[in-house]
Amino acid sequence: MLVKRIYTALVMMGIFLVAVTQLSPFAMSVVVAVVFAAGAWEWAGLSGWDARWIRMIFSLVFVGLCTGFILVYHPDLIESSAAIRPVLGVACFTWLANAFLVESYPKLSFLWRARVTRSLIGLFVLGAGWLSLSYMVGLPNGWILTTLFIVVVAASDVGAYFVGSTLGRNPLAPDVSPKKTIEGFWGGLLVVLGLAAVVWWLLPPEYAHIHPVEIFLIGLFCCGASVLGDLTISMFKRESGCKDSGTLLPGHGGLLDRLDSICGAAPFFALSLILVGYA
């Protein structure tokens with residue numbers, strides 16, 4: 001299983017690198033929307049919609065919202081940090097509020113158990129993730145920033161996996177994901193902070209105004225948010241009685257099993273770039 005997981009991850013990383021380095025920011029935004037629309041198909045299943053035509057409609061609704069957003073707001077919101085900052089702020093605040101739902105699961109699950117409510121949450125999770133990635137890739141050196149973001153999320157996941165597998169004793173969220181441990185979380189965080197140190201060391205002189213503490217804080221928030229995104233999808237999978245969101249990715253499960261951490265961390269990473277004065 002681990003070998004299959006590694007092979008699949010390498011293939012996904014290769015496809016991503018080709019896309020992010022060869023496509024224009026707009027084309028990359030469209031590609032991300034298509035991938036996330038496939039994730040919306042899986043989310044519809046987690047929301048309790050079993051009929052294929054309903055799941056198709058849900059994916060089309062997501063694509064329609066992305067398209068409408070581009071037609072109405074692009075390029076103003078995508079290219080203007082002042083315009084997108086409050087949007088990202090609301091997204092981050094909503095994710096933080098969501099942490100309360102994850103921590104209290106299953107006591108407050110009646111608040112979001114309805115299929116319509118779960119569907120709306122899915123549109124928010126995927127929509128905020130798509131918007132944040134679209135903003136990132138449109139920034140100067142956007143392909144480097146987007147790649148760095150994906151590496152940070154992957155580093156957090158890999159660190160948590162190996163440290164949790166070898167040293168994990170205390171469950172992080174036993175009612176949501178019993179295999180995730182507090183030791184795994186700290187392992188993932190240490191890997192991310194090590195990566196932040198490398199980023200600070202390699203930072204070009206034109207970004208010298210970004211303080212090292214800010215870089216470490218970005219790593220800290222991205223690591224925490226990626227875990228929150230992972231736990232959120234796990235919460236929905238547990239509620240729907242599914243182990244994985246799908247079977248598309250050998251060794252990983254479905255698309256949402258890989259997009260979960262990205263969707264959770266992307267708004268925080270994008271907002272951090274604005275707050276530290278990069279954008």
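**View 1. Asn 141, in the loop between α6 and α7.** This close-up comes from a predicted model, as do the other views. Asn 141 has a positive phi of about 55°, even though it is not a glycine. How much of Asn 141 is open to the outside, as relative accessible area? The value is 40%, so Asn 141 goes down as partly exposed.

**View 2. A cis peptide bond between Tyr 105 and Pro 106.** Here's another loop worth a look: Pro 106 sits in the stretch that links α5 (81–104) to α6. The bond leading from Tyr 105 into Pro 106 is cis, and its omega is near 5°.

**View 3. Helices α2 and α6 packed against each other.** Now for a helix pair. Two packed helices can be summed up by the angle between their axes plus the distance between those axes. In this view the players are α2, covering residues 25–46, and α6, covering residues 115–138. Their axes are 10 Å apart, at an angle of about 160°. Do α2 and α6 run roughly parallel or roughly antiparallel? Roughly antiparallel is the answer, because the angle is over the 145 degrees that this label asks for. As for handedness, α2 crosses α6 in the right-handed sense.

**View 4. Helices α7 and α10, where the axes cross at roughly 130°.** The axes of α7 and α10 (residues 256–275) come within 10 Å of each other. The crossing angle is roughly 130°, and α7 and α10 are therefore described as oblique to each other. This crossing, too, is right-handed.

**View 5. The salt bridge between Arg 258 and Asp 157.** Stay with α7 and α10 and zoom in on the side chains. Those of Arg 258 and Asp 157 meet at 3.2 Å, N to O. Which parts of the chain does this pair tie together? Arg 258 belongs to α10 and Asp 157 to α7, so the bridge joins parts that are 101 residues apart in sequence. Buried or partly exposed? Arg 258 has 18% relative accessibility and counts as buried. Asp 157 has a relative accessible area of 21% and is partly exposed. The line between the two labels is drawn at 20%. The structure holds 5 salt bridges, and the next two views show others from that set.

**View 6. Asp 230 and Lys 180, a salt bridge from helix to strand.** The closest N and O atoms of Asp 230 and Lys 180 are 3.4 Å apart. Asp 230 is part of helix α9 (residues 212–240) and Lys 180 is part of strand β2 (residues 177–181), so this contact ties together parts that are 50 residues apart in sequence. On the α9 side, Asp 230 is buried at 12% relative accessibility. On the β2 side, Lys 180 comes out as partly exposed, at 24%.

**View 7. Asp 257 and Lys 237, a salt bridge with both partners buried.** In this view the closest N and O atoms are 2.5 Å apart. Asp 257 lies in α10 and Lys 237 in α9, so these two helices are tied together by a pair whose members are 20 residues apart in sequence. Asp 257 has a relative accessible area of 5%, and Lys 237 has 9% relative accessibility.

**View 8. Phe 58 in helix α3.** Helix α3 takes in residues 52–73, and Phe 58 is one of them. Phe 58 is buried, its relative accessible area being 8%. Trp 43 is the other residue to look for: Phe 58 and Trp 43 are 15 residues apart in sequence, with 8.8 Å from C-alpha to C-alpha.

**View 9. A nonpolar surface patch of about 770 Å².** Last stop, the surface. The residues that make this patch are Leu 2, Val 3, Ile 6, Tyr 7, Leu 10, Val 158, Tyr 161 and Phe 162. Two helices, α1 (2–22) and α7 (142–167), each supply at least two of its residues. Which helix gives the most to the nonpolar patch? That would be α1, with 5 residues. Tyr 7 is a handy landmark within α1. With a relative accessible area of 56%, Tyr 7 is exposed, since the label applies over 50%.

Key
Residues are numbered from 1 along each chain as its sequence is written. This is a predicted model: local features need pLDDT of at least 70, side-chain atom pairs count only at pLDDT 80 or more; totals for chains, interfaces and linings use all residues. Side-chain values use heavy atoms; hydrogens and water are left out. Patches are made of residues with over 30% relative accessible area and no salt bridge: like charges are joined within 9 Å, nonpolar side chains (Val, Leu, Ile, Met, Phe, Trp, Tyr) within 5 Å. Accessible areas come from the Shrake-Rupley method with a 1.4 Å probe; for residues, only the protein chains shown count as cover. A salt bridge is a side-chain nitrogen of Lys or Arg within 4 Å of a carboxyl oxygen of Asp or Glu. Helices (H or I, at least four residues) and strands (E, at least two) are DSSP runs, numbered from the N terminus. Buried means under 20% relative accessible area, exposed over 50%, partly exposed in between (1.4 Å probe, protein chains only). Axes are lines fitted to C-alpha atoms, for helices over the stretch in contact, and angles run from 0 to 180 degrees between N-to-C directions. Angles under 35 degrees count as roughly parallel, over 145 as roughly antiparallel, 65 to 115 as roughly perpendicular and the rest as oblique. A crossing is left-handed if the near helix is turned anticlockwise from the far one by less than a right angle, and right-handed if clockwise.
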